[in-house]
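Thanks for coming. I will take one sheet and one pair of helices today. Please have the structure open in front of you.

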Amino acid sequence: MTAASTEEDEKELALKIANECITEVPVMVLGSGASCAYGIRGMCQLSEYLIERVTPETEDSESWDAFKAELAQHSDLEEALQKVAVSDHLHREIVSHTRHMILEDERPIYDKLVNNEIALSLSRLFRHLFQSTHKVLHVVTTNYDRLVEYAACQAKYRCNTGFTDGALRHFHCQKSETSHYTRQANFRCIDIWKVHGSVDWFQNATTPPLGLLDHTAVPQGFSPLIVTPGAAKYSRTHQEPFRSVIAFADGALSAARGFLCVGYGFSDDHIEPKLIQRSSDMRPPIAILARTLRPGAKTFLSRHMHSRVVAFEKDGNGTRAYTERHKDGVLFQGEDLWSLQGLLHKLGIQQ
């Protein structure tokens with residue numbers, strides 16, 4: 001067999017695994033890279049944003065300077081927040097500014113959606129996956145933004161984040177299968193388990209969590225329900241709504257027939273254990289898409305690679321695909337298979 005034919009065989013294998021993954025109607029695992037593709041800033045930009053805007057109180061100046069020094073040395077927001085203890089005031093400031101950055105980036109996308117100027121790749125994927133007999137799709141995400149909800153609406157499907165419908169969305173955390181909508185013959189819904197919260201979730205001292213309409217200003221007496229990186233996220237996620245949301249995310253991951261991971265860095269303890277366990281036990285097809293494979297993703301591939309796993313990463317003006325048979329990767333020159341849009345196009349998914 002010639003080198004050229006071997007390379008073509010490896011390309012065919014990579015696409016075969018990706019196609020098999022989508023055919024199995026996978027659980028979609030989305031990280032910040034999935035939203036960065038549409039202009040929502042990621043952790044590096046968030047670090048810069050916080051340094052520019054957070055104003056510490058006098059008694060917090062020392063810890064804030066230590067945080068900035070740690071960040072400058074390692075350029076890792078989560079690591080800095082784990083190493084440097086911040087006060088409640090600083091934590092509230094970090095949460096507030098994180099939310100405002102996401103809202104700033106979300107608004108142009110929302111305006112384009114309203115004016116039908118943009119088609120989200122997830123919308124195309126949702127429509128394709130619902131050509132099956134499946135009535136519910138599952139998305140697990142660490143993102144605070146609402147691009148998944150927008151994609152569901154653009155594709156004209158319901159979405160469930162664990163809150164009721166309406167202007168005041170009360171937390172009830174039911175799976176779609178247990179809701180009253182399942183009595184409808186044409187029922188289709190996307191369960192979106194946002195394990196670190198959302199820009200439109202709030203809570204005050206006396207009421208259960210609420211999902212509210214798009215308030216740029218946080219309602220008086222309420223706090224945003226988003227979990228920022230760092231040590232605090234582990235204690236916060238033992239409380240509602242995160243405790244129940246993570247439990248339902250665990251259920252989806254544990255029952256997955258496949259995993260489609262888009263822009264996800266494999267660095268979150270709320271997702272990896274169940275994904276790794278399911279991968280080890282059942283060896284489902286797994287497709288990983290990333291502009292740059294993060295260290296966590298590379299560790300996952302080195303430890304848990306099997307014959308039904310493929311990872312796509314940007315390489316110059318093309319894409320490098322990694323499989324068990326070709327751990328050094330094979331190059332798709334001039335093709336952007338590392339993006340969801342590019343992969344769907346390559347697989348002929350045009351819905």
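In which sense do strand 4 and strand 7 pair, and over how many bridges? This is a predicted model, so keep that in mind as we go. Strand 4 pairs with strand 7, residues 210–212, in the antiparallel sense, and the pairing covers 3 bridges. If you want one position to look at, find His170, which stands opposite Leu210 in strand 7.

Now the sheet around that pair. There are 4 strands in an open sheet, in the order 4-7-6-8, and the pairing is antiparallel. The edges are strand 4, residues 168–170, and strand 8, residues 223–226. Each of these has a single partner strand, so one side of each has no neighbour in the sheet. From one strand to the next, the twist averages 45 degrees.

On to the helices. In general, a packed pair is described by the angle between the two axes and the distance between them. Here the pair is helix 3, residues 43–53, and helix 6, residues 88–114. They pack at an angle of about 120 degrees, and their axes are 10 Å apart. The two helices are therefore oblique to each other. The crossing of helix 3 past helix 6 is right-handed.

Which residues make the contact? From helix 3, we have Gln45, Leu46, Tyr49, Leu50 and Arg53. From helix 6, we have Ile94, His97, Thr98, His100, Met101 and Glu104. Sorted by type, the residues of this contact are 5 nonpolar, 4 polar and 2 charged.

That is what I have for today.

Terms used. Residues numbered from 1 in each chain as written. Predicted model: local features only at pLDDT ≥ 70, side-chain atom pairs only at ≥ 80, totals over all residues. Heavy atoms only, no water. Axes fitted to C-alpha atoms, helices over the stretch in contact; angles between N-to-C directions. Parallel < 35°, antiparallel > 145°, perpendicular 65-115°, else oblique. Left-handed = near helix turned anticlockwise from the far one by under 90°. Contact = heavy atoms within 4.5 Å. Nonpolar A, V, L, I, M, F, W, Y, C, P; charged D, E, K, R; others polar. Pairing = 2+ DSSP bridges.
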